[in-house]
Amino acid sequence: MQSSNNILVVRNLVKKVDAVDTASSSVITILNGIQLEIKRSESVSIIGASGSGKSTLLGLLAGLDKPSEGSIIIDDINITELDEDSLANIRARKIGFIFQSFQLLPGMTALENVMLPLELLSENNARQRALYLLDRVGLGERLHHYPKQLSGGEQQRVAIARAFTTQPELLFADEPTGNLDKTTGQSIISLLFELNMEQGTTLIIVTHDDNLASRCERCLLLDSGRLTNVQA
Amino acid sequence: MCKLSQLAIKLLLRDWRSGELKVLFLSLVIAVASVTSIGLFSQRIDRSMNHQAGEFLGADLILNGTTSLDEDNLSEARKHNLKTSQTISFSSVIVANDEFQLAHIKAVDKNYPLLNSIRISDEPYGDEQVSYSGPASGEAWLAPRLISALKVSLNEYIEVGQIQLKVTAILKHDPGQTTSLISIAPRLLMNISDVVNSGIVQPGSRVTYSQLFTGTLADRQSFEKWLKPELKADETLVGGTESSQAINSAVEKARQYLSLASMLSVLLSGIAIAMSANRYAQRHYDQVALMRCIGSTQSNILQIYITQLILLGVTAAACGVVTGYIAQQMLSLLLHDVFSSQLPSAGVYPYIIGFMSGFITLIGFSLPAILRLRSVSPLRVLRHELSPLPIQAWLVYSLAASSIVLLMWWQSGNLTITLLVMTGTFLCILALLVLSILLTTLSRILYPTLSGPWKLGLQQILRNQRQNQLQILSLGLSLFILMIIYLIHSDLLDRWKNQLPDNAPNHFVINIQQYEIEPVRSFLKSRQIYTEGIYPMIRGRITSINGKLVSEMATETKKLDPALKRDLNLSWMNKLQQNNRILRGNWFDANSNGKPLISIEEGLARRLNLVMGDNLIFSIADQRIVATVHNIRKVDWESFQPNFFIIFPENVINKFPATYISSFYLDKTEKKLLNELIREYPTLTVLELDDIMNQVRSIMDKVSAAIKFVMLFVLVAGLMVMTASIQSSMESRSRNAAIMRTLGASRSYLRNSLLAEISLLGIFSGLLAVIGTEFIAYLLYLKIFDLDYQLHITLWITGPLIGISIILLTSWIYLRKIPDQSPVKILRYS
């Protein structure tokens, strides 16, 4: 009953890694019993100091990595029990990503970059959808530019357009304004929230940017491997 | 599936547009082009050499039998579109002017010879004319020696059995006459229609019946397939290549040179493909991570990249085959002068091998890198340092090694050379590891003593040891292969040619009687004709091997080695001939005198399964001689010196009547001296070998031209390896340079340190290449080509210098821009 309202539920999430730099084989606990529930269409920011494990948590929530213990349930599916191919399927259909370093493919134009997720899903309307979204993010005139011909802000717009092409239910953003100046960052944040509103996507943002964190409905602090609520 | 393939094509086209695939594609095109063109060229030359050998026989294929041959063979051959001819050969005494002389008679039909021509003249050793058919009925053509022995002139009559034939020409050269030096009796050519009337050939006469065939290779092969099961025990089939030991030996050596050279070019292309595929895969880690992040499964990724690999393979292989065809056509045109006649065209086999080689090399060398893409973690999008687990080393090496061995073996058809080259390459890699440890140690010692750009250059090499080791290895291997090919061309071929100098013996004198040795020697000496030696020759037959009678062996096995069916030329001597080399055992010493020991030629020993200590019984002049194999000897058949399969020490067979044999060189202009020699010593027989020698020289010229061509491909393949290698380190170099510049390094400082680093890489690679080359050269010279080995001192100096020059030349195109690049741009996009 409760789960149908929640797009994402996390129970007792633990992530341990082997310390590689020490001579003795010790284990470092990065995440230590995370509990989290996120409602559909909610926007949540996760903040924390560098090295606190924010990106590790994001990787786990998005099914890019496997936890040491605990469960992650996306849309009633416990993704920690899925094999690689099923996880890929979940990512393809339900999840979108935006990265700090944009992660555009340098050999492809803006249009081709945005079309790629739909092409991987063998969708027929990839081109129309990509054209629409690029126009929506204000790059209708720069369709055939390669990433290196675009500014940082423009590249992140392409990345946002790409993230929304598959109409994901969950959108994960890892420091989306981390590589941008303040003004450009602001306009990117606005764009992100506009699209979020339009499409009813659930937004989970990992950030250092207080301004961005404050735009979210809920703000969580990751400290010593645990999450706590922060008053926005 | 279909959509994924479409996506794979799209992604491939995008990669193509962005220039990612150029080196990989070009390396593949070069590999295929080199395999195709070398294959085509080798096959054409091979066919031309076979054809030459065929011209020697007067036919491509000859069926010999001791009883009359089945007429069905001829009609079947005609069904296979072959031209046919028949001959009958026998010995008989010819009479004229009350003189008697044993002659070797060949009776030929109107089609003879099928290939080449008969050369005749009006006087012994006079100017020659060409005839494309034999004598007409009632006529005979006589060898010069027969003319002088019978004291006949043109248009006089001789008696052959019960008929008289008119001498209408002097026989100078008849195809097939040099197949064996044993046919000592002077030759006579007559028409086959006169044989019956002559009454010579009776049941029980020793006669060789021959059917000659010629036609295209395919027709010959299908006919051979039909004929072989039909052969009777006394019938043997002689192919075009079995005409002469000297030509065989030359053709074989030529094939070895060519296959070795082409193998090396394939190996080099393989390295280029491996390097560029690795770089291609590495550059796709981010793309794959992203694709996996947005929902691609591992099998999707594999499907996409395998589809791309296949597409790339097909396109590059097709382009390579076309390029290869054009290249070898151009070469044939350029080398028109070398090949006096048009080269025969090649079959489809080289195209198939070329095309398939593209796939085999691509899969063998790039599949490990592509498979690695499958295991790229999607988490790499967040943590860029995550690289996929390396594919297990044994898989990479065994896949690459087995594909290249398969390919080289397939192409060359010579497993020994293939394994030798692979062993050499493997040892070269081992040598690199040892060398790199030594160089690193040395560099660490040198490092504190250096300053400025040299210090930074060395530091770069020391810092990134693994990458630089790989670079030194690939560059070293390229240089090594280039050097080997260069050695083959300049050193091996020259030495081979030197073995057949312009003044190599071109005449054999046989039938010298013991009392004639000294007079003949002084005759030659007085006319400044140099001879290596005069050797005894005795006819003898092997009758038993290790207690088993040859006659019994004949009934057990259908095919008895021809050497057991006929008399062999035996000799005795105490000093090993110059062009002979002992492989096993020792040459005779003073104690061997009078002992029943033999020295046997390697090839014959192998054919008869003889090893040291085996006992043989010879029948010589109706007496039994038991002898033990004392040593096994390698004979250089191309030396054109008298050579023997079996040699005894002194005082074992000396008691038997012997004739003597010698060889000498005589210029064309001095041929008239032969008339003088024959007049003075009428029982001598002089064999002219100019034709065989010209054939061997022509083969050498062809190989030389072909290897030059291969060198060109190897050079291009080598440049591709270097380009791939330099490209693979471009990004880290650019980044290092950008950081150095932000820290205040000047452009000239960066340029100089880059030059210093490249020069050091060049020196290291050059040294490695020279060490590898010397080692392989040592093995090749001794084991394959039978040549003396000596250290190539100049290579030790030129090797590293060439290394530096080539590497500077290739890398500077890419690297020269590095010091001038904007650090901001590089740091932003790296």
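In this predicted model, strand β17 of chain B, residues 597–601, lines up with strand β19 of chain B, residues 623–635, and the two run in the parallel sense over 5 bridges. Within that pairing, Ser599(B) sits across from Asn631(B) in β19(B). There is a second partner too: β17(B) pairs with strand β20 of chain B, residues 646–648, this time in the antiparallel sense and over 2 bridges. Ser599(B) turns up here as well, standing opposite Ile647(B) in β20(B). So β17(B) is largely enclosed by the rest of the structure, because 4 of its 5 residues are buried. As background, strands in a sheet pair through backbone hydrogen bonds, and they can do so either parallel or antiparallel.

Elsewhere in chain B, Ser68(B) makes a contrasting case. Ser68(B) belongs to the loop that links β1 (61–65) to α3 (71–79) of chain B. This serine counts as exposed, because it has just 11 C-beta neighbours inside 10 Å and the cut-off for exposed is 12 or fewer. Ser68(B) also shows how the fold brings separate parts of the sequence together: Thr208(B) is 140 residues away along the chain, but the two are 8.3 Å apart in space, going from C-alpha to C-alpha.

Turning to chain A, the secondary structure adds up to 8 helices and 10 strands. Of the 232 residues in this chain, 48% are buried. Contacts across the sequence are plentiful: taking the contacts in chain A with a separation of 6 or more, 70% of them join residues 24 or more positions apart.

Some of the strands of chain A come together in an open sheet of 4 strands, in the order β2-β1-β4-β5, with antiparallel pairing. At the edges are β2 (27–39) and β5 (77–78) of chain A, each of which pairs on one side only. Strand β1 of chain A, residues 6–18, pairs with the edge strand β2(A) in the antiparallel sense, and there are 10 bridges between them. One place to look is Val14(A), which stands opposite Asn32(A) in β2(A).

Among the helices of chain A, α4 (residues 110–120) packs against α6 (residues 152–164) at an angle of about 25 degrees, and their axes are 8 Å apart. That angle makes α4(A) roughly parallel to α6(A), because anything under 35 degrees counts as such. The crossing of α4(A) past α6(A) is right-handed. On the α4(A) side, the residues involved are Ala110(A), Asn113(A), Val114(A) and Pro117(A), and they meet Val158(A), Ala161(A) and Arg162(A) from α6(A). Sorted by character, the residues of this contact come out as 5 nonpolar, 1 polar and 1 charged.

Finally, the two chains touch each other, with 25 residues of chain A in contact with 21 residues of chain B. On the chain A side, the elements that give two or more residues are α2 (54–61), α3 (84–94) and α4. Helix α3(A) supplies the largest share of that side, at 6 residues. The chain A side is a mixed bunch, with 11 nonpolar, 6 polar and 8 charged residues. Helix α4(A) thus has two roles in the picture: α4(A) packs against α6(A), and α4 of chain A is also one of the elements on the side that touches chain B.

Notes. Residues numbered from 1 in each chain as written. Chains lettered and ligands numbered in written order. Predicted model: local features only at pLDDT ≥ 70, side-chain atom pairs only at ≥ 80, totals over all residues. Axes fitted to C-alpha atoms, helices over the stretch in contact; angles between N-to-C directions. Parallel < 35°, antiparallel > 145°, perpendicular 65-115°, else oblique. Left-handed = near helix turned anticlockwise from the far one by under 90°. Contact = placed C-beta atoms within 7 Å. Nonpolar A, V, L, I, M, F, W, Y, C, P; charged D, E, K, R; others polar. Pairing = 2+ DSSP bridges. Buried ≥ 20, exposed ≤ 12 C-beta atoms within 10 Å, placed from the backbone.
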